Structures are given as structure tokens and as C-alpha cells.
Amino acid sequence: MRAVVTVTGKDKKGIIAEVSGFLAQKGVNVEDISQTILQEYFAMIMLVDVSGIKTELSVLAKECEELGKSIGMSIRLQHEAIFNAMHTI
Amino acid sequence: MWNKFDVLETIDMIEREHLDIRTITMGISLLPCISGTPEKTASNVYELVCRRAENIVHVAEQLAGEYGIPIVNKRVSVTPVSLICAPFPEKAIMIGQALDKAADNLGIDFLGGYSALVHKGTADYEKLFIESIPELLASTKRVCSSVNIGSSKSGINMDAVRQMGEIVKRTADLTKEQDGLGCAKLVIFANAVEDNPFMAGAFHGVGEAGCVINVGVSGPGVVKHALENIPHANLTEVAEMIKRTAFKITRTGQLIAKEAAKRLGAEFGIVDLSLAPTPVMGDSVAHILEEIGLECVGGHGTTAALAMLNDAVKKGGVMASSHVGGLSGAFIPVSEDIGMIHAAEKGLLNIDKLEAMTAVCSVGLDMIAIPGKTPASTISAIIADEAAIGMINNKTTAVRVIPVPGKDVGDTVEFGGLLGRAPIIPVNPTDSSKFIERGGRIPAPIHSNKN
């Protein structure tokens, strides 16, 4: 099962380290990362494998949101299916 | 496979443009609950609804968390209650109260189906059942009621139309402390659909399976935003853009509906893509029409723009889901749409224009506050006009008007929350009572004879 993690907010040091460290600790494997910076605005999209997580996906999503708040970024984790549904036929 | 722009587009739709799953509605057949006594039937109803829908709130929260999309309402619709209590219609209210208790226990937002289908004629037990509606709406919080009084196939039951004018008045009167709020939970339909997930008009049709999940998805803000990007496009391109956007929105609904049905052990019924506004800024159908090029909704051109919007939404939606149903189109509830509220306050949107709009949109005269002194016969005549539009055009039409007790044109009524606020708009002051008193049945139109 795969999910998409998006991290957005004002750019600062150590965002990738912080987020990927947290995900590794939760049993999430990062498969792909794409990152852009537009006028100090940081946007990172990670495709991750969540087969190894120990909690429900919705709980992990909540934890990501809380991590985001603690580092002043917006972090969302969503099941990949929503993007497939909307953007592929 | 999606790319990073697709991901950011989806997130923008949800976070900035108010894309949401407006409702997951579980339809439950109450037919197995019928028993010899009203007490036993009421307890069967309570037990069945609580058991079937036990996990609806939990599953909705789970799905919202996993997919990162808000699921605003969790609802239940049931078999028209007039059928369940046919042997004891004078005790119908017991069934309604059992449903309210079940809704409260489940933590759902609304439960629809305190309904009767009398489009061709009213049985004695239905007449008595309908008489119980005002008291039920005044004494419960979450139960919604609807009555189907006409159809393209059967014509319009004018005796029921006359009765419903009086029922609306009595409901307003019994809930006068809350400015007639009871009327916001009462819809009078022509051509009612059996799988509508939206309130207040949801009920679970007798042709449906035992337990079904219907999902309503919305997103006026998403459509408006998409149109903002093509300010100089011609209307062919505008319609195409609406279709594409509706497609994306509906796909989300299809995903959630299938998954919810699976987890709740129910059948997947339909996805209803309806642009359903809320009073929040950026979630308005009126503002889409204004983005298309009207100075203000209600002005000349409104009906044409709305017709195009409604049709393009349906076309995009049909392509995106294996089963599209319900009402699918654009809703125009005046008090729930910030653009409509402003237009009505300025006197630029009147009931005559709204009536014309209902000929081309997906429902009818919805959430319109009218003077409290409006006679029952005038309300019946408004219902008859709407039903005629539905009957002739083979579409669903509905009336949900609130004759606000003690208030008149110039006053405003505040319902709060998703129900919003509404300036009281004038109705035609002439007398229609002789027409309504005639009763009988308006025959079905010639084009209904297709067999």
C-alpha cells in the first residue's frame, strides 16, 4: 500500500531529515522524493510504502499533521488512491 | 500516473477551494421492522438502524483521515415511514421519535425518510401520517421529512398539494421560537428520486437494496477557481472546463463511496455530484454564475448560465462514476449560498427568477424565507407551480420554503450553521385559493404515455 506525503511551508534547514527520520521510525519506506522551492516556499512530495506501519493509516496521517505543526510546516499523508482516482482514467 | 502538479492541485482543491465529500448516506430498508403494534415496530426500527449504521461515523472518520479529504456529514435515509406505520398512522410519531433517538445514538447529522409518496393519490393512512409531520419536526432534532406530490408519469395530486400548504404553515407555527426552522427539514417533491443522499429530501426507496451507501460530493469553489483561470474563454470552453472539473470531483466521490460500502458491509448505490453551496465564502454556486459573466445572480442570463452549469456537471459526473444518481447538478438553496443571500438582499434575485432557474437546475425553490403571513393556499400554489415544472420537464423539483412567523419583507432570518441566513423575499400577493380548493388531480402530460 502506498501513500503520498506532501510537505509545504517556508523553507528552512533540516526539513527532509526531520520528516524522513520520523517516517523511518514509523516503518514507512520512502520510494521517491520530488522537491521544489518557489520564492522561499518549500514543497516536497514523497511517494512512500506504508505496508510496514503498525497503526491505522488515518492515525499515521494525524501524527504527520502534528509533526508538521511542531516544525512549523504543513505535512499531509494521504492514500495514493485519491490521486489515482482524480488524475488518471 | 499522477505528477507533482496533480498532487498539489488536489491539495489546493481540498484546502483552499472547499472540495469535500458532503455526505455519506446509508440507505436502510425498514420493511423488515413492520410489526403488529406501534411499540414493537418502533423498537425494531431503533434496533435495526442502530445496528446497520453502527460504524458509519467511525468509517467516515477513518476514510477522511486516510484520503485526506473532509467528510462533512454522516447520514441515514430510511424507507418512507408512511409505509412502515400504515396499520397505525395515528401513532406514526412514535416511529419518527425512535428514528431521532437512533440518529442521536449513532452521532449522525441527519436522518431522512419521515416521508410519504402520494403522487397519484393519498390513502387514508397517508393523510393521517402527513398530519403528524409538523409535530414530529417540532419535537425532534435530526429527522427530516419529505412528501412526493406529483410525477411526470402520474400527474399532480392537488389534494396533497393543498394539504402540504397547510402542513408547511403548521410546521412554521410549531417551530416559531426558532423562526420556523422546522420547515427547513421538510421538502415537497415532484419526481422524487429514491437514492438521493442529500437532506432534507433523502429517503430510501422501496426499489432499493436492503442497505446501500450513497455518497454526495460537492465543490462549487473548485469549479469557480477553475473558471477563474480562463477569464476570456468562450462558453464552449467554459462548459468543457466545468465538465473536466466535475469529473475530478466525482472520481473522489466514487473512490470514497466504494470503500465506505465495502467497510460498512453495504452495497454501493450511487454517487451524487451536486454543487451544494454552504454559506462560507468561496463555496457558492451564485459566484460560479457570476464568474461566467453575470454582474449578479438573478440578472438576465442567469437561467442560461445555470442550465449550462447543471448540464456540464452531469456530463462530467456521469463519465467519472459507475453509478451516478440522486439529484446530480447544481443546488440553489438561497439561505445557504452567500452569493444568493447578497443578491436577495439587494432585491436582485426574486422568487419568479428562482422559479425559472428551477426549470434548469437539479432541484427547486430551496431554503427561501417568505413572509409569515403568506396564506397556506399561496404556499400550495407555489408547490403546484414547481411540481408542474418538474412534471412537464421530466425532472425532480422541490419546494422548501419557510414562512417565517411574525416576520415580513425587509426582515432577515438567521438559521445558523450550514442553513445560513435569508432575507425574507416577497411572494405574489394575489389570491390563488380558488385554484387550490378545487383539489383533484392534474392529469399526467401527453409525453408520459410512452408505453
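**Entry 1. Chain B as a whole**

I started with burial in chain B: 60% of its 451 residues count as buried. I note here that the model is a predicted one. I then listed the secondary structure of chain B and found 16 helices and 14 strands. Next I asked how the radius of gyration of chain B compares with the globule rule. The radius is 21 Å and the rule gives 22 Å for 451 residues, so chain B is as compact as a globular protein of that length. I also looked up the extent of the C-alpha trace of chain B, which spans about 60 × 50 × 50 Å along its principal axes. For contacts in chain B with a separation of 6 or more, I found that 79% are between residues 24 or more positions apart.

**Entry 2. Strands 1, 2 and 3 of chain B**

I picked strand 2 of chain B, residues 71-78, and checked its burial. Six of its eight residues are buried, so the rest of the structure largely encloses this strand. Which way do strand 1 and strand 2 of chain B run, parallel or antiparallel? They run parallel, and seven bridges join them; strand 1 covers residues 20-28. As one example, I noted that Ile24(B) has Lys74(B) in strand 2 as its bridge partner. I then looked at strand 3 of chain B, residues 110-117, which is also joined to strand 2 in a parallel sense, by three bridges. There I found Ser77(B) opposite Gly112(B) of strand 3. I added a reminder about side chains: in a regular strand they alternate between the two faces of the sheet.

**Entry 3. Thr41(B)**

I chose a single residue, Thr41(B), which lies in helix 2 of chain B, residues 38-52. Is Thr41(B) buried or exposed? It has 22 C-beta neighbours inside 10 Å, and the cut-off for buried is 20 or more, so Thr41(B) counts as buried. I listed its contacts, leaving aside neighbours within four places in sequence. They are Cys33(B), Ile34(B), Ser35(B), Ile84(B), Cys85(B) and Ile95(B). I also took a distance from Thr41(B) to Met357(B), which is 316 residues away along the chain. Their C-alpha atoms are separated by 42 Å.

**Entry 4. Helix 8 of chain B**

I checked the length of helix 8 of chain B, residues 158-174. At 1.5 Å a residue, its 17 residues should span 24 Å, and the end C-alpha atoms are 24 Å apart, which agrees. I then counted burial along helix 8 of chain B and found it mostly covered, with 13 of its 17 residues buried. My reminder for helices is that an α-helix has 3.6 residues a turn, so residues three or four places apart point the same way.

**Entry 5. Chain A as a whole**

I moved to chain A, which has three helices and four strands. Along the sequence their pattern reads β-α-β-β-α-β-α. I repeated the check on the radius of gyration: for 89 residues a compact globule would have a value near 12 Å, and chain A has 13 Å, which agrees. The C-alpha atoms of chain A fill a box of roughly 30 × 30 × 20 Å along the principal axes. Of the 89 residues of chain A, I found 28% counted as buried. Residues 24 or more positions apart make up 61% of the chain A contacts with a separation of 6 or more.

**Entry 6. The sheet of chain A**

What is the order of the strands in the sheet of chain A? The order is 2-3-1-4, in an open sheet of four strands with antiparallel pairing. Strand 2 (29-38) and strand 4 are the edge strands, each pairing on one side only. Neighbouring strands of this sheet are turned by 15° against each other on average, direction ignored. I looked at one pair in detail: strand 2 and strand 3 of chain A are antiparallel over nine bridges. In that region Ile37(A) has Phe42(A) of strand 3 as its bridge partner. I also placed helix 2 of chain A, which lies across strand 1 and strand 4 and runs at about 165° to strand 4.

**Entry 7. Where the chains touch**

Last, I looked up the contacts between the chains: 21 residues of chain A are in contact with 19 residues of chain B. On the chain A side, the elements that give two or more residues are strand 1 (2-10), strand 3 (41-49), helix 2 (57-71), strand 4 (74-79) and helix 3 (81-87). Helix 3 of chain A gives the most, with seven residues. By class, I recorded ten nonpolar, eight polar and three charged residues on the side of chain A that touches chain B.

Terms used:
Residues are numbered from 1 along each chain as its sequence is written. Chains are lettered from A and ligands numbered from 1 in the order in which they are written. This is a predicted model: local features need pLDDT of at least 70, side-chain atom pairs count only at pLDDT 80 or more; totals for chains, interfaces and linings use all residues. The expected span of a helix is 1.5 Å times one less than its number of residues. A residue is buried if 20 or more other C-beta atoms lie within 10 Å of its own, exposed if 12 or fewer, and partly exposed in between; C-beta atoms are placed from the backbone. Two residues are in contact if their C-beta atoms, placed from the backbone, lie within 7 Å. Ala, Val, Leu, Ile, Met, Phe, Trp, Tyr, Cys and Pro count as nonpolar, Asp, Glu, Lys and Arg as charged, and the others, Gly among them, as polar. Two strands pair if DSSP finds at least two bridges between them. Axes are lines fitted to C-alpha atoms, for helices over the stretch in contact, and angles run from 0 to 180 degrees between N-to-C directions. The radius of gyration is taken over C-alpha atoms; the globule rule is 2.2 Å times the number of residues to the power 0.38.
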